[in-house]
Amino acid sequence: MATSKPRLKRSAAEPGARPKREAMSKVDTAWLRMERPTNPMMITGVLMFDDPMSLAQLKTIIRQRFLGYARFRQKPVDGATGVQWVEDAHFDLDWHVRLSGLPGRPGKASEKRALERFVSNLASSPLDASKPLWQFHLVERYQGGSALVARIHHCYADGIALVQVLLSLTDTSREPSPTSRLDKAWLKHEAAKVAQRVGAMERYMKLGGKALEQGMAMVQDPSMATLLAKEGGEIAKELVHALALPDDPPSLLRGRLGVSKRVAWAEPLDLEEVKAVGRACDCTVNDVLMAAVAGALRGYMQDRGEHLEGMTLRATVPVNLRPLEHAKKLGNHFGLVFLDLPVGEENPLRRLERVAECMQQLKHSRQAIVAYGLLAALGIAPAPVQELALEMFSRKASAVATNVPGPQQPLYMAGCALREMMFWVPQTGSIGLGLSILSYRGRVHFGLIADARLIPDPDAVVRRFGEEFDKLLYLAMMGSWDTRLDAAAAVALLADAPLA
């Protein structure tokens with residue numbers, strides 16, 4: 001009697017093997033389909049190190065840790081039944097991890113400008129859709145150390161999840177070991193506080209009850225019908241309110257977009273000084289930073305002849321909608337709220353108060369959960385409906401703003417000390433401006449990414465960020481926190497202030 005030979009299973013990497021497939025969620029599909037030549041849907045990050053890092057060291061870290069997330073070996077493939085994650089049968093790490101150099105002369109300022117131009121070019125270039133949608137670019141020599149630029153498509157995960165992914169590549173000591181892997185408790189603790197400021201975790205835990213703790217049923221079935229069934233009239237009212245918001249006023253920050261992006265980042269602020277202003281002014285750290293952003297935009301627009309009296313612009317702000325420890329599961333689980341940026345307000349104290357007032361209102365808002373439902377609906381809508389809805393939604397804001405609190409202890413990657421880091425989320429539709437704030441090691445980093453047609457000189461905005469914060473710091477130290485102080489009096493007080 002003949003015995004049959006055992007049948008060997010083919011791996012997905014072997015010729016003729018059928019790659020593993022998995023359906024993409026509706027919300028992730030929405031972000032994939034938002035890709036435009038004028039707005040590539042990439043999250044871009046920059047990490048700067050005190051020490052030189054070799055390409056071999058980086059590849060080892062990527063292979064051992066980044067590719068520990070199976071999703072990053074997969075690429076999205078659109079088909080008749082929707083988008084699916086498909087394992088790349090021809091995955092090539094050499095294509096995804098690249099070595100790059102910067103042109104120009106050595107020197108801190110010139111190297112920074114060269115890196116900003118390099119990141120600008122990468123942020124303007126879509127990823128290759130035939131491969132998994134991510135790349136790392138290592139600059140071996142940068143300001144005595146090295147720099148790493150990461151590009152990851154938004155369909156893989158939201159900004160908070162991807163920041164956690166990048167930080168999972170780091171250690172808390174120079175010598176990597178299992179005990180030195182970054183403790184992620186900081187993310188759960190700190191980011192939850194930020195989310196609560198704009199109405200996410202605490203409020204939505206109540207909305208979903210224990211469903212959120214158990215994986216959040218709304219994430220598993222993120223349809224508008226499910227959301228409406230859970231929240232009824234309150235969600236419907238918030239939806240009507242969101243759709244009824246007037247378009248943002250015409251300004252130099254809005255207009256026809258091109259295909260080139262410009263990136264710049266500011267000298268970091270001292271986090272303790274930001275907290276001190278917040279305490280003096282009875283505001284949150286986030287309020288202080290966004291007021292400084294509004295002031296920086298105001299100064300830039302004024303210098304270019306914009307008439308600003310009474311003008312208020314909006315920024316869409318991502319809000320986390322899941323337990324932070326679940327971020328490692330990737331995917332997009334966030335909503336959006338609209339934050340007022342009172343660029344027409346001359347008094348810096350009143351500007352801060354207005355930002356704080358808007359933040360307080362958002363704590364009692366369901367805007368974020370409504371936006372999440374809309375994104376889910378867009379993921380299954382026909383292309384013409386997607387285009388119409390995306391354009392309608394993006395006309396209501398002039399910028400996307402993110403604020404992520406990072407770890408405060410020193411971090412290392414491949415034995416190299418991490419000095420600074422910054423990241424930007426993509427803009428959507430007709431929005432051409434992205435603002436990012438990230439804290440690390442007691443310092444606050446501010447960066448900007450903009451469409452080159454709208455803001456060809458982003459450095460002219462970011463350098464005003466520190467100046468606007470110094471105004472608030474000076475007024476707080478002088479005990480001048482009084483919004484009844486008129487603009488002329490505030491200007492008079494600041495006339496002798498030792499601003500940078």
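This is a walk through the fold, from the overall counts to the sheets, two odd backbone angles and one helix pair.

What you have is a predicted model, where local features need pLDDT of at least 70, side-chain atom pairs count only at pLDDT 80 or more, and totals for chains, interfaces and linings use all residues. Residues are numbered from 1 along each chain as its sequence is written, and side-chain values use heavy atoms, with hydrogens and water left out.

Let's start with the inventory. The protein has 17 helices and 16 strands; these are DSSP runs (H or I of at least four residues for helices, E of at least two for strands), numbered from the N terminus. Of its 500 residues, 58% count as buried, where buried means under 20% relative accessible area, exposed over 50%, and partly exposed in between, using a 1.4 Å probe and protein chains only. Take the contacts (heavy atoms within 4.5 Å) with a separation of 6 or more: 77% of them involve residues 24 or more positions apart.

Now for the sheets. Strands of a sheet pair through backbone hydrogen bonds, either parallel or antiparallel. The working rule here is that two strands pair if DSSP finds at least two bridges between them. One open sheet has three strands in the order β1-β4-β3, with antiparallel pairing. Its edge strands are β1 (21–23) and β3 (74–79), each pairing on one side only. Ignoring direction, neighbouring strands of this sheet are turned by 35° against each other on average; the axes behind such angles are lines fitted to C-alpha atoms (for helices, over the stretch in contact), and angles run from 0 to 180 degrees between N-to-C directions. Within the sheet, β3 pairs with β4 (residues 82–87) over six antiparallel bridges, and Val77 has Gln84 in β4 as its bridge partner.

Another open sheet has six strands, ordered β5-β6-β7-β2-β14-β13, and its pairing is mixed. β5 (97–100) and β13 (412–413) sit at the edges with a single partner strand each, so one side of each is left without a neighbour in the sheet. On the β13 side, the pairing with β14 (residues 416–424) is antiparallel and rests on two bridges; there, Tyr412 is matched with Ala417 in β14. Helix α2 (residues 55–64) packs on this sheet, touching β5, β6 (134–142), β7 (145–153) and β13, and its direction makes about 160° with that of β5.

Next, follow β16 (443–451). Eight of its nine residues are buried, so to speak of it as mostly covered is fair. Which strands pair with β16? β8 (residues 261–265) runs antiparallel to β16 and is joined to it by five bridges, with Ala264 opposite Leu448. β9 (residues 269–270) is antiparallel to β16 as well, through two bridges, and Asp270 has Arg443 as its partner. β15 pairs with β16 in the antiparallel sense over eight bridges, and Leu438 is matched with His445. β15 and β16 form a hairpin with two residues between them.

That hairpin brings us to backbone angles. Most residues other than glycine have a negative phi, and most peptide bonds are trans. Arg441, in the loop between β15 (433–440) and β16, has a phi near 55°, a positive value in a residue other than glycine. Arg441 is partly exposed, at 41% relative accessibility. Gln143 is not a glycine either, yet has a positive phi of about 50°. Gln143 lies in the loop between β6 and β7 and is partly exposed, with a relative accessible area of 22%.

Finally, a helix pair. Two packed helices are described by the angle between their axes and the distance between the axes. For α12 (residues 285–303) and α16 (residues 459–477), the axes come within 8 Å and cross at roughly 125°. The two helices are therefore oblique to each other, given that angles under 35 degrees count as roughly parallel, over 145 as roughly antiparallel, 65 to 115 as roughly perpendicular and the rest as oblique. The crossing is right-handed, meaning the near helix is turned clockwise from the far one by less than a right angle (anticlockwise would be left-handed). Residues meeting across the contact include Val288, Leu289 and Tyr300 in α12, and Phe465, Phe469 and Leu472 in α16. The contact residues divide into 13 nonpolar, two polar and three charged, where Ala, Val, Leu, Ile, Met, Phe, Trp, Tyr, Cys and Pro count as nonpolar, Asp, Glu, Lys and Arg as charged, and the others, Gly among them, as polar.
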